[in-house]
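Open the model in your viewer and show it as a cartoon. Keep the selection box at hand.

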Amino acid sequence: MSGMDSSSVASTLLMGMTRWEQTRVAVMVPGLKMMVWVCLAMSVMLFVERVYMGMVIVLVRLFGVSNPKKRYKWEPLKHDDDVELGSSTYPTVLVQIPMYNEIEVYKLSIGAACGLSWPSDRIIIQVLDDSTDPLIKEMVLTECKRWESKGINIKYEIRENRRGYKAGALKEGMKHPYVHLCDYVAIFDADFQPHPNFLLQTVPFLIHNPQLALIQARWTFVNADECLMTRMQEMSLDYHFKVEQEVGSSTYAFFGFNGTAGVWRVSALNEAGGWKDRTTVEDMDLAVRASLNGWKFLYLGDLQVKNELPSTFKAYRYQQHRWSCGPANLFRKTAMEIIRNEKVSMWKKLYVIYSFFFVRKIIAHVVTFVFYCVVLPATALVPEVEVPKWGAVYIPSIITLLNAAGTPRSKLSDLFPLLFKVDLTVTVQTVFFFSFLFWSCRSLHLLVFWVLFENVMSMHRTKATLIGLLEAGTANEWVVTEKLGDALKTKSGGEAPKKQRVTIIERIYLLELAFGAYLFICGCYDLAFGKNQYFIYLFLQSLAFFIAGFGYVGVFVSNSS
């Protein structure tokens, strides 16, 4: 009897395995193969885009196109010697500082704005305070009054509600009567600290070049070395500013306004329809509309404005959700507007739709997560599906190195005179160039950590991108990025923040843990039965997800504090 039971169980298991094999061959294999080729196609699109931008940035540096003073007229503003005229030769500039419960950094931004070098009768500082905490509002008002007592023309503006979030605040700020006196408007978020010569470097471009609507400065970060997470953020943002913004400015005079550290021509802003709150990227929305009206933008890579990176994982996740969801949602709402526009060339429309939006804002997020965190691990479980080595190894490696080249110790332009004036063979020039490239990447030793962390974050970016494209529930959710100001306090001689005890529940992120478990299972299966030897990557990537899932990323601040 027991023998019959054993054979029955064995036959049942055999039938189950047979059914699994049939299901896998009939359903999973074709579906996974199709996903692999779709992901490979997206990888090639991203690869071509990265190589294109790399080639453009090399040519820009080589021929000096990146020097804005060679492309646009720039003359320093001079104070008129005529006593009656005084500072009348200077245009009136509005400086807007939108803020929301910015208790840690409000003094920094207000102080930096009030310290800008510009005639006092030709500048208006406008603090747009949407704070909901009465104590913080009182502190900000007191700080404004303090600067007003020093002779600064500073306005403290509040509104009854937060409708439209930042876009709504900026829009309301432009309605005040004194704004009609202003020719240009500079915008700084609450943690930004412009150098005193910021307006002296930017406004002359707008004065002497009537086709320019926007001057955008580069961001630098005061707390980049605070933790490994902020260091990796710096790597990603350095590539954005040093490559993406530079390429857009040098080729099509178009790039996405970063929402801060920039100066707009008021007439161009108004002509484009002003601030709109239809997405969470009101800055990019305005830039697209102004560009479709024929206005040009200029990026100044040598003009740097200090600010703070989010140093808590929670704050960074919220920020990345907004930065990924907003562009996708904007693409959904403006694609047809761009196509039907008749004021710009077909090439510029193609650049904005395909390169700027589709590849960088959608494909880049989706392929990183779907291919390297879902499809590639799944092929370890389904050995009938193979990924070509060029797609699994070569393309992502080259893309990673191109991204790393965006954080150099020194300018590549310093290398070109030596390379092309010295009588060297092409081979030696090439070897020398890539040797310098590797030496110059101060983030090269962080590449593995950066790749693993970016893959973790790609999960949130892909989720946010799909929410934006489908305009789902949280498409217009705006959570203000938390600023701690700790690095600045420590540097300025204040006390370092005290470490606080936190519970494990406050650290847990279930989605990260779930994907960590999935990747670990795939890695174990590949180690035991696979032939692709993906298990090394899968174990490392699962470890990265587990570390993030248990909250051991960035600085942690207890919710109970």
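The tour below goes from the whole chain to single helices and residues.

**Before you start.** This is a predicted model, where local features need pLDDT of at least 70, side-chain atom pairs count only at pLDDT 80 or more, and totals for chains, interfaces and linings use all residues. Residues are numbered from 1 along each chain as its sequence is written, and side-chain values use heavy atoms, with hydrogens and water left out.

**Stop 1: the whole chain.** Select the protein chain. It has 19 helices and 7 strands. These are DSSP runs, numbered from the N terminus: helices are H or I of at least four residues, strands are E of at least two. Of its 561 residues, 53% count as buried (buried is under 20% relative accessible area, exposed over 50%, partly exposed in between, with a 1.4 Å probe and protein chains only). Take the contacts (heavy atoms within 4.5 Å) between residues at least 6 apart in sequence: 82% of them join residues at least 24 apart.

**Stop 2: helix α11.** Select residues 346-381. This helix has 36 residues, yet its end C-alpha atoms are only 46 Å apart, short of the 52 Å of a straight helix (the expected span is 1.5 Å times one less than the number of residues). Now centre on F358: a kink of about 45° is centred there. The bend is the angle between axes fitted to the seven residues ending at a residue and the seven starting there. In α11, 29 of the 36 residues are buried, so the helix is largely enclosed by the rest of the structure.

**Stop 3: the core.** Select I110, L199, W264 and F297. They have the most contacts inside the largest nonpolar core, which has 146 residues. Such a core is a set of buried Ala, Val, Leu, Ile, Met, Phe, Trp, Tyr and Cys residues joined through side-chain atoms within 4.5 Å. Its largest share, 20 residues, comes from α11. Stay on L199: beyond its neighbours within four places in sequence, its contacts include V93, W118 and V263.

**Stop 4: helix α7.** Select residues 228-251 and find E234. Is E234 buried or exposed? E234 is buried, with a relative accessible area of 9%. Add W219, 15 residues away along the chain: the two C-alpha atoms are separated by 9.7 Å.

**Stop 5: a crossing.** Keep α7 and add α15, residues 447-470. They pack at about 85°, with axes 10 Å apart. Axes are lines fitted to C-alpha atoms, for helices over the stretch in contact, and angles run from 0 to 180 degrees between N-to-C directions. At the meeting place, α7 brings residues including L228 and M232, and α15 brings residues including F449 and W450.
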